[in-house]
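I set out to record, entry by entry, what I looked up in this structure. The entries are grouped by topic.

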Amino acid sequence: MGKRIYNFNAGPAALPLPVLEEMQSELLDFKGSGMSILEVSHRSKWFDDVINEAVERTGRLLALGDDFHVLFIQGGASLQFCMIPMNLSLEGRPVDYINTGTWSTKAIKEAEILGKDVRVIASSEDKGFSYIPSAFTVDGDAAYLHFTSNNTIKGTQWAQFPDAGDLPLVCDMSSDIMSRPFDVRPFGLIYAGAQKNIGPSGTAVVIIRKDMLERTPKGIPSMLKYTTFAEKNSMYNTPACVVIYTINLVLKWLEETIGGLAKMEKINREKGAMIYNFLDSSDFYRGTAAKESRSLMNVTFRLLNEDLEKKFVAEALKQGLEGLKGHRSIGGCRASIYNATGIDAVKALVGFMVEFEKKEG
Ligand SMILES: *Cc1c(COP(=O)(O)O)cnc(C)c1O
C-alpha cells in the first residue's frame, strides 16, 4: 500500500481506512455476484440490499423510528437549497431562515429566486459570521425554520439547536451529520451532502418527516419532488450507486466499529478539546470562531500574518498533513476533523503546530 497522509480536507474529505479496505477487498467480486459494485444494475437484488441497508442504518443511528423517509438525491446539498422551498413552503406563509454563513446565504438566495416570502430572523453577519446567534424569537406563522447546523467555512456550530416550537426545523447538516446524537422529532427535514462526514461526493442524504410530503404542490417536475424519491425508494432514475454503497459502509463502521453516535461524539469532543486547548494556550495561533460557537468539525485559525500562514500550510504538507488551507473566500487556516479523521491525526497536527511555533514564533 502507498503512503497514507493525514487528511484535513473540508470535502471531499477523509474516509475511514477500514471502509476503503473493505471496498478494495470486494471491488472485483461484490458478494459473489462476479461483478464489481460499479457494474451491477441498480435494479438488482445486490443493489437493493445495499440501499435498504443504508436506509436502515441511518434510521438506527439517528433513532428515526417510523416517521421519516431516508432519501438519496443527486445534486448535492446545493440542489436542496431550491427543492426545500419548492416542496415545503406553504401558500400565504413566510419561510424563515437563520443566516450563519456562506451556505445559509446560498440557501436564502434560492428561496428568494423562487419568489418566496423569505424572513431572515437572525444573522451573525455583523461579526463576519464568527458566532451562532442566540437572541432571536421564532414566530409560529412560518412554513418552516431553516438553519445550518455546522458552518464549514467559518468554523462555527450550533451546540444546541434552535427551539422553534411546533414549526418544523429544516437543517443543512452537510458537515456534521452523524457526528453526535440529537433529537430528530423537531425536524421536518434534514439534508447533507455526503462528501463531508459520511461518504464521497455525488449524493445528498435527505431525511424527511412523512407528513412533510403532503405539502408538495402540483406543477413541480418529477425529479424535483420529494414524493418521487419517497415513492420509488430513491430509484425513480439511476441513483449514485457507488456513493450509496460507500455511505452504507461508513454507516456500518459507525455502528459496528465506533459503536454509535454517542461514542462518536465523545471521540469528536476529545479531538476538539485537544486542538482548541492548544490554540488557547498559544499567542502564535488565534482561533477565529467565538469560543461558545466553536465547531468540532472545522477548526479555523490564523497565524500572525499571511506569509506565515502560507509557510505553515506548505510545511505541513511536507510533513504529511494535507488540506490545512482555509476556504478560498476567507483565507487563513482550517483543519477539518470529521468523524474519519482520528485522534492520531489531531495529535500529529498539534505536534506539528508546536514545532512550527518553536521555529517561527
Ligand atoms: C459543502 C457544503 C454545502 C455544499 O454541498 P454540495 O454537495 O457541494 O452542494 C452546503 N452546505 C454545507 C454546510 C456544506 O458544508
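**Entry 1: Lys359 and its partner**

I looked up Lys359 and found that this residue is exposed, with a relative accessible area of 53%. I took the terms as follows: buried is under 20% relative accessible area, exposed is over 50%, and partly exposed is in between (1.4 Å probe, protein chains only). I noted that the model is predicted, that local features need pLDDT of at least 70 and side-chain atom pairs pLDDT 80 or more, and that totals for chains, interfaces and linings use all residues. Residues are numbered from 1 along each chain as its sequence is written, and side-chain values use heavy atoms, with hydrogens and water left out.

Lys359 forms a salt bridge with Glu315, with 2.9 Å between the closest N and O atoms. A salt bridge here is a side-chain nitrogen of Lys or Arg within 4 Å of a carboxyl oxygen of Asp or Glu. This pair links distant parts of the chain, 44 residues apart: Lys359 lies in helix H9 (residues 343-360) and Glu315 in helix H8 (residues 306-318). Helices (H or I, at least four residues) and strands (E, at least two) are DSSP runs, numbered from the N terminus.

**Entry 2: Other salt bridges**

How many salt bridges does the structure hold? I recorded 20. In one of them, the side chains of Lys252 and Glu22 meet at 2.8 Å, N to O. Lys252 is in helix H6 (residues 241-258) and Glu22 in helix H1 (residues 17-25), so I noted a link between distant parts of the chain, 230 residues apart. Lys252 counts as partly exposed at 23% relative accessibility, and Glu22 is partly exposed at 22%.

Arg209 and Asp211 also form a salt bridge through their side chains (2.8 Å, N to O). I asked whether Arg209 is buried or exposed. Arg209 counts as buried, at 16% relative accessibility, whereas Asp211 is partly exposed at 33%. I further recorded a network of salt bridges that links Glu53, Arg57, Arg60, Glu255 and Glu256.

**Entry 3: Helix H8**

I returned to H8 and checked its length. Its 13 residues should span 18 Å at 1.5 Å a residue (the expected span is 1.5 Å times one less than the number of residues). The end C-alpha atoms are 19 Å apart, which agrees.

The buried residues of H8 are Leu308, Glu309, Phe312, Val313, Glu315 and Ala316. An α-helix has 3.6 residues a turn, so residues three or four places apart point the same way. Among the elements that cover the buried residues of H8 are E12, strand E13 (321-322), E14 and H9. Asn305 caps the N-terminal end of H8, with a side-chain oxygen 3.1 Å from the backbone nitrogen of Asp307. After H8 comes Gly320, which has a positive phi near 85 degrees.

**Entry 4: Strands**

Which strands form the open sheet? Three strands do, in the order E11-E12-E14, with antiparallel pairing. Strands E11 (286-287) and E14 (333-336) stand at the edges with a single partner strand each, so one side of each has no neighbour in the sheet. Strands pair if DSSP finds at least two bridges between them; E11 and strand E12 (residues 298-302) have two.

Strand E8 (residues 169-172) is covered on both faces: Leu169 and Cys171 on one side, and Val170 and Asp172 on the other, are all buried. Strand E5 (residues 145-148) runs parallel to E8 and is joined to E8 by four bridges. E8 also pairs in the parallel sense with strand E9 (residues 187-193), over four bridges.

Technical notes: Contact means heavy atoms within 4.5 Å. A polar contact is a pair of N or O atoms within 3.5 Å; within protein, one must be able to donate a hydrogen and the other to accept it, and residues adjacent in sequence count only if both atoms are side-chain atoms.
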